[in-house]
Amino acid sequence: MVVGAQWGDEGKGKVIDLLTEKVDFVVRFQGGNNAGHTVVVGEQEFVMHLIPSGILHSGKFCVIGNGVVVDPGALLEEIESLKKRGIEVDDHLGVSDQAHLIFPYHKALDKLREAKVGPGKIGTTGRGIGPCYTDKAARVGIRLADLLDDEVFRRKLKLNLEEKNALFRSFYQAPAFEFEAIYQEYCGYRERIAPYCINAPVILNRAIQEGKSILFEGAQGTWLDIDHGTYPYVTSSNATAGGACVGTGVGPTQIDQVIGVVKAYTTRVGEGPFPTEFPPVLMEQIRSKGKEFGATTGRPRRCGWFDAVLVRHAILVNGMTEIAVTKLDVLDDSPRVKIATHYRLEGKTLEAPPATIDRWNQVEPVYEEHPGWLTDTTQVSCFEDLPPQARRYLKRLEELLRVKISIVSVGSKREQAFHV
Ligand code: IMP
């Protein structure tokens, strides 16, 4: 399993792409098209939002699990755009019939809610993710299997619209949604999505029994997890390792390796605490060198130093067995590099993160400083060839995190990464 140990955008797509060669199945288990996994193959860049990036390898079967929220229009668009670029999708993609569907009213609610709270907003991607998971938890959500049954679909959509439209009209003073327009739009999707519809737990567990191997592809990151993240500045799903079991129907006893992905520094998109955030000048430098702009919304990412407190806790809650460090090359021009080893709060040392946003906003990161390597690392293909200062930086991260670094990535291309 590959999961993010920071606030998402750690470069999981690249790590998954590297590991895909060795597996038979690649599976998404949570989130939706709020995610954006960028994979560069040769001169071509692919940004995947819903479909596992394993689809770029031939002969793999990719699954969108029940824990994912699916915007059918966005999924079909992604399928079409992959096909146009010569990627085989049919017979290589399955979508769980238990996955919940995103509707236009979810997207509208997402945006209206954010606008209503103003400065206290979360900074969501506006893709309707939160409202769709809200409906799932409220037990009124509409799943892919429901869409396939016209009578059930009509009934559920009607019920949902009655409630949502009352909210749009009275609370948000916004236009209501017409049943017929949504119904027709989604009936159009039905025929096109039906061929991909699968009973994912049965297919995945059968594959395990047959000795096949499965790679679980996490989206977002630990600190955006609804339970373990910087709540409420989180997404609405479990982006941590446990989410893979509930989000696919594969039991925890089947999972033997959890790889945490971290950037050599830290980024976050959207609002919420970020103790090691850079001051403006450094922010600009690293953002432009690291091309730190959201793959989904294009928003500039906030950037900061590596925060070992965050990652140590991520290792704990995910049971991570190893770490992949990405974008090491982005620090190539930095004369000094810093790592936050712990926090200070009210005169006390904190080894683990606080529980509330108020306390998060008050913590002061305590840094250690290391000399930078001031050498281009983008052509390096093994650990021993890294400049000594870069090796020391990685070794120090290993000491602080107490897990092994097993993969290092030094650029966006497939070949710019190596196992350690
Ligand atoms: P939502 O998932 O659209 O509801 O957004 C909630 C928070 O998660 C916001 O701060 C988003 O910027 C953040 N977020 C959601 N998906 C991603 C992602 O793939 N990478 C980084 N941040 C994300």
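A residue is called buried when its relative accessible area is under 20%, exposed when it is over 50%, and partly exposed in between. With those words in hand, Cys382 is easy to place: its relative accessible area is 25%, so Cys382 is partly exposed. Please keep in mind as we go that this is a predicted model.

Let's stay with the cysteines for a moment. A disulfide is a covalent bond between the sulfur atoms of two cysteines. Here the count of disulfides comes to zero. Take Cys132, which is in no disulfide: its nearest cysteine sulfur belongs to Cys197 and is 16 Å away. Since the cut-off for a disulfide is a pair of cysteine sulfur atoms within 2.5 Å, that separation rules out a pairing. Cys132 has a relative accessible area of 1%, so this residue counts as buried.

Cys132 also leads us into helix α4, which spans residues 129-137 and has Ile129, Gly130, Pro131, Cys132, Tyr133 and Asp135 as its buried residues. What lies over them? The cover includes the strands β6 (69-70) and β8 (100-101), together with the helices α3 (104-117) and α6 (150-171). After α4 comes Arg139, with a positive phi near 65 degrees.

Helix α1, residues 12-20, is mostly covered, with nine of its nine residues buried. Charged side chains are on that list too: Lys12, Lys14 and Asp17 are among the buried residues of α1, as are Val15, Ile16, Leu18 and Leu19.

Now to the ligand. Which residues come nearest to it? Of the 16 residues around the ligand, these are Asp9, Asn34, Thr125, Thr235 and Arg299. By class, the shell is made up of six nonpolar, eight polar and two charged residues. Several polar contacts can be followed by eye. An N or O atom in the side chain of Asp9 is 3.1 Å from a nitrogen atom of the ligand. On the oxygen side, a polar side-chain atom of Thr125 lies 2.6 Å from a ligand oxygen, and a polar side-chain atom of Arg299 lies 2.9 Å from an oxygen atom of the ligand. The ligand on its own has 470 Å² of accessible area, and the protein covers 96% of it.

Next, look at Thr248, in the loop between α9 (242-246) and β11 (259-263). Is Thr248 buried or exposed? Its relative accessibility is 0%, so Thr248 is buried. A polar atom of the Thr248 side chain lies 3.2 Å from the backbone nitrogen of Val250. Farther along the sequence, the residues that Thr248 touches include Val27, Arg28, Phe29, Asn66, Pro201 and Phe216.

Finally, a few backbone details are worth a visit. Most residues other than glycine have a negative phi, and most peptide bonds are trans. Against that background, Tyr231 and Pro232 are joined by a cis peptide bond, with omega about 5 degrees. Pro232 sits in the loop between β10 (214-217) and α9. Glu346, which is not a glycine, has a positive phi of about 50 degrees; Glu346 is in the loop between β16 (336-345) and β17 (348-350). With a relative accessible area of 57%, Glu346 is exposed. Leu374 has a positive phi as well, near 45 degrees, and lies in the loop between β18 (364-371) and α13 (388-401). At 55% relative accessibility, Leu374 also counts as exposed.

How values were computed: Residues are numbered from 1 along each chain as its sequence is written. This is a predicted model: local features need pLDDT of at least 70, side-chain atom pairs count only at pLDDT 80 or more; totals for chains, interfaces and linings use all residues. Side-chain values use heavy atoms; hydrogens and water are left out. A residue is near a molecule or strand if one of its heavy atoms lies within 4 Å of it. A polar contact is a pair of N or O atoms within 3.5 Å; within protein, one must be able to donate a hydrogen and the other to accept it, and residues adjacent in sequence count only if both atoms are side-chain atoms. Accessible areas come from the Shrake-Rupley method with a 1.4 Å probe; for residues, only the protein chains shown count as cover. Buried means under 20% relative accessible area, exposed over 50%, partly exposed in between (1.4 Å probe, protein chains only). Helices (H or I, at least four residues) and strands (E, at least two) are DSSP runs, numbered from the N terminus. Contact means heavy atoms within 4.5 Å. Lists of a residue's contacts leave out its neighbours within four places in sequence.
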